[in-house]
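Please look through the sequence and the model below before reading on. The report that follows goes from the overall fold to the sheet, and then to individual side chains.

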Amino acid sequence: MKQGIHPENYRFVVFKDMSNGDAFLGKSTANSKETIKWEDGNEYPVIKLEISSTSHPFFTGKNMLVDTAGRIDKFKRKYAKK
């Protein structure tokens, strides 16, 4: 591996899946202005995810529809019969 290309400032953050509300604690260098109080009583920055392993059909084994950005509605409006 090349030296000096990896970030040094990893910190604990909470990753929150916005499609089902599940959250988990991990480390990241990503910036966030929002914080959340975690189960251990400490406050951590929050990184919001549209989809994670707890809501993705590949990992859950369920074929569920996750549409947080309204992509399906945009598609239907774009290709609707006029």
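The protein chain has two helices and four strands, and, read from the N terminus, these elements follow one another in the order β-β-β-β-α-α. The model is a predicted one, and every value given here was computed from it. Of the 82 residues in the protein chain, 17% count as buried. The accessible surface of the protein chain comes to about 7,000 Å², and carbon and sulfur atoms account for 53% of that area. When contacts between residues at least 6 apart in sequence are considered, 32% of them join residues that are at least 24 apart.

## The sheet

In what order do the four strands lie in the sheet? The order is S2-S1-S4-S3, in an open sheet whose pairing is mixed. Strands S2 and S3 are the edge strands, since each of them pairs on one side only. From one strand to the next, the twist averages 50°. As general background, the strands of a sheet pair through backbone hydrogen bonds, and they can do so in a parallel or an antiparallel way.

The three pairings can be set side by side, each with one pair of residues that stand opposite each other.

| Strands | Sense | Bridges | One opposite pair |
|---|---|---|---|
| S1 and S2 | antiparallel | six | Lys16 and Ala23 |
| S1 and S4 | parallel | four | Phe15 and Ile47 |
| S3 and S4 | antiparallel | three | Ile36 and Tyr44 |

Strand S1 covers residues 11-17, and a further residue of the chain, Asp17, has Leu49 as its bridge partner in S4. Two hairpins also deserve a careful look. In the hairpin of S1 and S2 there are five residues between the strands, and Gly21 takes a positive phi near 85°. The hairpin of S3 and S4 has five residues between the strands as well, and here Gly41 takes a positive phi near 90°.

## A buried residue in strand S1

Val14 is found in strand S1. Is Val14 buried or exposed? With a relative accessible area of 0%, Val14 is buried, because buried means under 20% relative accessible area. If its neighbours within four places in sequence are left aside, Val14 is in contact with Ala23, Phe24, Leu25, Ile36, Trp38, Tyr44, Pro45, Val46 and Ile47. One of these contacts can be followed through the backbone too: Val14 and Phe24 are ten residues apart in sequence, and their C-alpha atoms are 5.6 Å apart in space.

## Aromatic pairs

A pair of aromatic rings is described by the distance of the centres and the angle of the planes. The count for this structure comes to two aromatic pairs. In one of them, the rings of Phe12 and Tyr44 have centres 6.4 Å apart and planes at 65°, so the pair is edge-to-face. Phe12 lies in strand S1 and Tyr44 in strand S4, so this pair ties together parts that are 32 residues apart in sequence. Phe12 is partly exposed, with a relative accessible area of 43%, whereas Tyr44 is buried, with a relative accessible area of 12%.

Phe15 and Phe24 form an aromatic pair that is stacked, with 5.4 Å from centre to centre and 25° between the planes. Phe15 counts as buried at 14% relative accessibility, while Phe24 is partly exposed, with a relative accessible area of 36%. Phe15 thus appears twice in this account, once in the stacked ring pair and once opposite Ile47 in S4.

## The salt bridge

Side chains of opposite charge can pair when their charged atoms come close. How many salt bridges does the structure hold? It holds one, in which the side chains of Lys48 and Glu34 meet at 3.2 Å, N to O. Lys48 lies in strand S4 (residues 43-49) and Glu34 in the loop between strand S2 (23-28) and strand S3 (35-37), so the pair ties together parts that are 14 residues apart in sequence. Lys48 counts as partly exposed at 47% relative accessibility, and Glu34 also counts as partly exposed, at 43%.

Definitions and conventions: Residues are numbered from 1 along each chain as its sequence is written. This is a predicted model: local features need pLDDT of at least 70, side-chain atom pairs count only at pLDDT 80 or more; totals for chains, interfaces and linings use all residues. Side-chain values use heavy atoms; hydrogens and water are left out. A salt bridge is a side-chain nitrogen of Lys or Arg within 4 Å of a carboxyl oxygen of Asp or Glu. Buried means under 20% relative accessible area, exposed over 50%, partly exposed in between (1.4 Å probe, protein chains only). Two strands pair if DSSP finds at least two bridges between them. Axes are lines fitted to C-alpha atoms, for helices over the stretch in contact, and angles run from 0 to 180 degrees between N-to-C directions. Contact means heavy atoms within 4.5 Å. Accessible areas come from the Shrake-Rupley method with a 1.4 Å probe; for residues, only the protein chains shown count as cover. Rings of Phe, Tyr and Trp (its six-membered ring) pair if their centres lie within 6.5 Å; planes under 30 degrees apart count as stacked, over 60 as edge-to-face and the rest as tilted.
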